[in-house]
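Reader: I am new to reading structures. Could you walk me through this one, step by step?

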Amino acid sequence: MKSSRLPATTVWLTLLFFYLPILVLVVNSFNAHKYGGSWDGFTLKWYVRLFEDRAVWHALGNSLVVALASTIVSTVLGTVAAYAMSRFASRLQKVQYGLIYMPLIVPDILMGMSLLLFFLSVGFELGLASICVAHITFCISYVAMVVFARLQDFDYSIMEAAYDLGADSRTAVLKVLLPALAPGIAAGALLAFTLSIDDFVITFFVSGPGSSTLPVHIYSMMKHSRFMPVINALSTLLLVVTFAAVGVSQYLTTKKGNGVK
Amino acid sequence: MDGLTFEGITKQFGDLKALDNVSLSIRQGEIFSLLGPSGCGKTTLLRICAGFETPDSGRVLLNGEDITGLPANRRRVNTIFQNYALFPNMTLRANIAFGLQVAKVPKKEIADRVEAMLQLVQLEKHAHKRPNQISGGQKQRVAIARALVNRPQVLLLDEPLAALDLKLRQRMLVELGDIHDEVGTTFVYVTHDQGEAMGLSDRIAVLNHGVVEQVGTPPEIYEAPRSSFTAAFIGDTNFFNGRVCEIVDSEYCTVEIDGLEPRIRMFNDKNLRANVPVDLSIRPEKFSIHRQPPDSAQERNTLRGVVENVIYLGSHTKWWVRVSDEYLISVTSQHSRFLLDKDPIRWEEEVWISWHADDGYMLERYNESDESLVALPDTEVQTLEDEPE
């Protein structure tokens, strides 16, 4: 029987749909034409321009600072929250779960506005600190959910076993609980980092002068569209970095999997 | 005083009284089983001993020292958990070394003791593996080694064989016994499986609804159950209700069973008086089954009946014999010779079952623990309050 061509066609069309825009972007970053309407020849000048643009580097620095700080804080808080939710079941547990889950479903624009109003009303100066606080707010939820899922099949009797063998709480947590949760915590932290580094909507509301993160800066560059090709170059670089990161992480996971199994 | 003692332990979970004034004393070096159905409080008692639960009242004494308030990590007591609770991120060697490392034992000594334990449980070759790379029986042995390497004064085992299949369970039971012989630590073994408890223990405490029903050696528990609960929970039995009829001599009496024709001759070890109501328990293997009326010896009881059901069980056969409207008696008999038991008794045959007067056992009706039921202490009288220890 001859197999249908439909599945293969669907796959290719879907892939094309996904990746054609990215391809266009990558190609245009090497296009000498200013608006990318037609091919004017190969050039690297947009990359040169990018590396000379200090504002971009400043924004990237901001983004990294914010992402690192909010990842660290939200990973610690989210993990603790997840542990408390799974370990000490009470009638309030469902309420707590709901409260932690809430930021995942509340629209970003609402979060951004409410945070902005909050910061203004308490007189919190808008800047990197306010962005960090905002990012931590929603990152905690993601970390808590990921770690909570991991805790669902965590066997608490291994904690009891640790106490039984003479360990104090600190040793039991450091040597038994954290290693067992490590994959969940790492996944939560990675998620928090990605969410923080590319968040636009909330950051847009709570950033102050001079504290633009990369997404906010790119947006303002696009408003003055003369920087268009530079943005393409920047995006292409980000793409390369992202693919490299994904590749490394995949490599590490499979390698670790082989070691354990 | 050596050993482990529970004094009046009571523990309540919400409305449920898990343990009700439980007192037990476990001798140094013995294998002591806590046996009972699920929810009887046996695991709670074990967790109180390990330090994971605090009793509402009562004390736990280890070698005379009150450890009731001592946290789990400061007790010289180690536990083997039902699911083993091995640390998944550590190798077997690291699992076993954990307790010693926490106790800051010198590295050289840790290495030696862990190696000795690996040898004891025969896992030297697997020491570098992680718990998810080994079988259930091996996990069990790692759990034992991990606990014993700390040289605990008491080893607590919480249904350690429940997760294993039957054959492996039987082998591990023998291994547990061997390991106990080797190390001599007190074992407290929690189980709902009477076979495990009987096979392994020096003594057994039968628990039901948070109360100790009986403490005794396996033969005592099996042959002389104090209550109908113990009689029914341990092994198979037939119950009869009746009343003492006539005191024959200092040892025997006759008992009239409601709805059963001949009076039964019974060993009157409790010196009950005439007219006292009694419950009898007679184990299926105590009966003999015959096609012809057996010779009526004075010390044997005989009942006539009809076989209602026959179950062939390999090593033995079980007959259900209807002896009256109320009583369907289960009788078992071993096969002595392979396929040579001539003409086995079949369904609907008329049979006689007989048993020796010593082979039935009078149970105590514990709600009627009234002194007036018992004859005055002219001979050796056991009162109901006596602990058969």
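Reader: Which residue stands opposite Ile9(B) in β2(B)?

Author: This is a predicted model, so read each pairing as part of a prediction. β1(B) and β2(B) run antiparallel and are joined by seven bridges. In β2(B), the residue opposite Ile9(B) is Val22(B).

Reader: Which residue takes a positive phi in the hairpin of β1(B) and β2(B)?

Author: Look between the two strands. The hairpin has two residues there. The one with a positive phi, near 60 degrees, is Gly14(B).

Reader: Over how many bridges do β1(B) and β4(B) pair?

Author: Take one pair as a start: Thr10(B) stands opposite Ser57(B) in β4(B). The two strands pair in the antiparallel sense. The number of bridges is five.

Reader: What is the order of the open sheet of four strands in chain B?

Author: Build it from the pairs. β1(B) is joined to β2(B), and β1(B) also pairs with β4(B). Strand β4 of chain B, residues 57–62, pairs with β5(B) over two bridges. That gives the order β2-β1-β4-β5.

Reader: Which are the edge strands of that sheet?

Author: An edge strand here pairs on one side only. Two strands of chain B fit: they are β2 (16–26) and β5 (65–66).

Reader: What is the bridge partner of Leu61(B) in β5(B)?

Author: Start with the neighbouring pair in the list: Leu62(B) stands opposite Glu65(B). The hairpin of β4(B) and β5(B) has two residues between the strands, and Asn63(B) takes a positive phi near 50 degrees. The partner of Leu61(B) is Asp66(B).

Reader: At about what angle does helix α1 of chain B run to β1(B)?

Author: The helix covers residues 42–50. It lies across β1, β2 and β4 of chain B. Its angle to β1(B) is about 115 degrees.

Reader: Why is one side of β13 and of β20 in chain B left without a neighbour in the sheet?

Author: These strands belong to an open sheet with the order β13-β12-β11-β14-β20 and antiparallel pairing. β13 (264–267) and β20 (360–363) of chain B stand at the edges. One side of each is left free because each has a single partner strand.

Reader: By how many degrees are neighbouring strands of this five-stranded sheet turned against each other on average?

Author: Direction is ignored here. The average turn between neighbours is 50 degrees.

Reader: Which residue is the bridge partner of Leu280(B) in β20(B)?

Author: Strand β14 of chain B spans residues 277–282. Four bridges join β14(B) to β20(B), and the two run antiparallel. The partner of Leu280(B) is Met362(B).

Reader: How much area do chain A and chain B bury between them?

Author: The contact takes 18 residues from chain A and 24 residues from chain B. Of the buried area, 58% is on carbon and sulfur atoms. The total is about 1,700 Å².

Reader: Which residues of chain A lose the most area to chain B?

Author: There are three names to give, and together they hold 39% of what that side buries. They are Glu160(A), Asp164(A) and Leu165(A).

Reader: Which side chain meets Glu160(A) in a salt bridge?

Author: Across the interface the rule finds one salt bridge. The N to O distance is 2.7 Å. The partner of Glu160(A) is Arg47(B).

Reader: Which element gives the largest share of the side of chain A that touches chain B?

Author: Two elements of chain A give two or more residues: α7 (157–164) and α8 (169–197). The largest share is seven residues. It comes from α7(A).

How values were computed:
Residues numbered from 1 in each chain as written. Chains lettered and ligands numbered in written order. Predicted model: local features only at pLDDT ≥ 70, side-chain atom pairs only at ≥ 80, totals over all residues. Heavy atoms only, no water. Pairing = 2+ DSSP bridges. Axes fitted to C-alpha atoms, helices over the stretch in contact; angles between N-to-C directions. Contact = heavy atoms within 4.5 Å. Buried area = accessible area lost by both parts, 1.4 Å probe. Salt bridge = Lys/Arg side-chain N within 4 Å of Asp/Glu carboxyl O.
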